[in-house]
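I opened the model today and kept notes as I went. The entries follow in the sequence of my checks.

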Amino acid sequence: QNEIRRISINMNPISSGSVSGACLFQMGLTRVLACVCGPMECARRSDERSDRANLSVTVKSSPFSSTNRQTKSQSNKQLLEIANDIQNAFSAAILLHLYPRAAIYVNVHILADDGGILECAINATSLALINAGVSLKDLVCACSSGLLSDGTMTLVDVNKQEAFDSNVYKMSVATMPQRGSVILTKLSSRFSLKELERVLDSATTGCRAVCDIMAQIIREHHALLVAARMGNVNVSCNALTEAAGENGEHENEVDGMVLS
């Protein structure tokens, strides 16, 4: 089925002076909170790099995020793997040379897990970095795709039930759509060349659908900020934007807005 799960985005979930930017991203029942601190001075001089910023990613999972019971070592290994994938993806996307001797800290919190944690975390991190004013080469969007073992059907945005199905082979992809480049791929099993082309094409189609939604949210969020700065509106609470479907339809809910 070539449609993504319902997407809900909050571009300003927390207000704290210690956080430069944050984003609460939800795909289906999977919910991830990403917070960015920086660019800022490195905590240790040994972490400083004279030609680029130091990017550090930490991933944590809430105890109530999943119904599956894993050992602490298994959970830690999975979270470290996700953190490493996020760091590799954004090391290629962030213009790190613009921030020499600085540090950028990304903290990802998994609040609910219904499959697609990595994709949801990458999308949340991308929007949190934009909210923090960090320069990117392009918007980073991620989506997964699956292929039935008999090769009859491809799936887009695989959830946990589908991922645990032994008849579904999953592939996670992160792209920079405007540049047309793939910066991260992760396979759950081996694919033939023809199967790989089908799954990659399906995943990039999902990434473009996610990109359209994220780009629209960014435009609306910054338009609201510009209007508030110019004194045209007063906003007393966060703007919560929900988007869904492969056609990118979305709804905005803004409470407490008063036109001046």
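**Entry 1: strand pairing.** I count two strands as paired if DSSP finds at least two bridges between them. Helices (H or I, at least four residues) and strands (E, at least two) are DSSP runs, numbered from the N terminus. With that settled, I looked up β8, residues 168-176. Strand β8 pairs with β9 in the antiparallel sense, over six bridges. I noted two positions along this pair. Met 171 stands opposite Leu 187 in β9. Thr 175 has Val 182 of β9 as its bridge partner. The two strands, β8 and β9, form a hairpin with four residues between them. Gly 180 sits in the turn and has a positive phi of about 70 degrees.

**Entry 2: ground rules.** This is a predicted model; I accept local features at pLDDT of at least 70 and side-chain atom pairs only at pLDDT 80 or more, while totals for chains, interfaces and linings use all residues. I number residues from 1 along each chain as its sequence is written, and side-chain values use heavy atoms, with hydrogens and water left out.

**Entry 3: the sheet around the hairpin.** I followed the hairpin outward. It belongs to an open sheet of four strands, in the order β7-β6-β8-β9, with antiparallel pairing. Which strands stand at the edges? They are β7 (154-156) and β9 (181-187). Each has a single partner strand, so one side of each is left without a neighbour in the sheet. Neighbouring strands here are turned by 25 degrees against each other on average, direction ignored. For angles I use lines fitted to C-alpha atoms as axes, for helices over the stretch in contact; values run from 0 to 180 degrees between N-to-C directions.

**Entry 4: helices on the sheet.** I then looked for helices against these strands. By contact I mean heavy atoms within 4.5 Å. Helix α2 (residues 117-131) lies across β6 (141-148), β8 and β9. Helix α2 runs at about 160 degrees to β6. Helix α4 (residues 193-229) packs on the sheet too, touching β6, β7, β8 and β9. The direction of α4 makes about 145 degrees with that of β6.

**Entry 5: whole-chain totals.** I stepped back to the protein as a whole. I find four helices and 13 strands. Of contacts between residues at least 6 apart in sequence, 69% join residues at least 24 apart. Of the 260 residues, 45% count as buried. Buried means under 20% relative accessible area, exposed over 50%, and partly exposed in between (1.4 Å probe, protein chains only). The exposed surface is about 13,400 Å², and carbon and sulfur atoms supply 49% of it. These areas come from the Shrake-Rupley method with a 1.4 Å probe; for residues, only the protein chains shown count as cover.

**Entry 6: core.** A nonpolar core here is a set of buried Ala, Val, Leu, Ile, Met, Phe, Trp, Tyr and Cys residues joined through side-chain atoms within 4.5 Å. The largest one has 65 residues. Ile 9, Phe 25, Ile 86, Phe 90 and Ile 104 touch the most other members. Helix α4 gives the most to this core, with 10 residues.

**Entry 7: cysteines.** How many disulfides does the structure hold? I found zero, taking a disulfide as a pair of cysteine sulfur atoms within 2.5 Å. For Cys 37, the nearest cysteine sulfur is that of Cys 35, 7.1 Å away. Cys 37 is buried, at 14% relative accessible area. For Cys 141, the nearest is that of Cys 211, 3.9 Å away. Cys 141 is buried at 0%.

**Entry 8: backbone oddities.** A cis peptide bond joins Gly 38 and Pro 39, with omega about 0 degrees. Pro 39 is in strand β3 (residues 30-41). Next I checked positive phi outside glycine. Arg 101 has phi near 60 degrees. Arg 101 lies in the loop between α1 (72-91) and β5 (102-112). Is Asp 157 buried or exposed? Asp 157 is buried, at 4% relative accessible area, whereas Arg 101 is partly exposed at 47%. Asp 157 also has a positive phi, about 60 degrees, and is found in the loop between β7 and α3 (160-163).

**Entry 9: Ser 61.** I ended on strand β4 (residues 54-61), where Ser 61 is found. Ser 61 is partly exposed, at 33%. Leaving out residues up to four places away in sequence, Ser 61 touches Leu 79 and Ile 110. The C-alpha atoms of Ser 61 and His 109 are separated by 5.7 Å, though the two are 48 residues apart along the chain.
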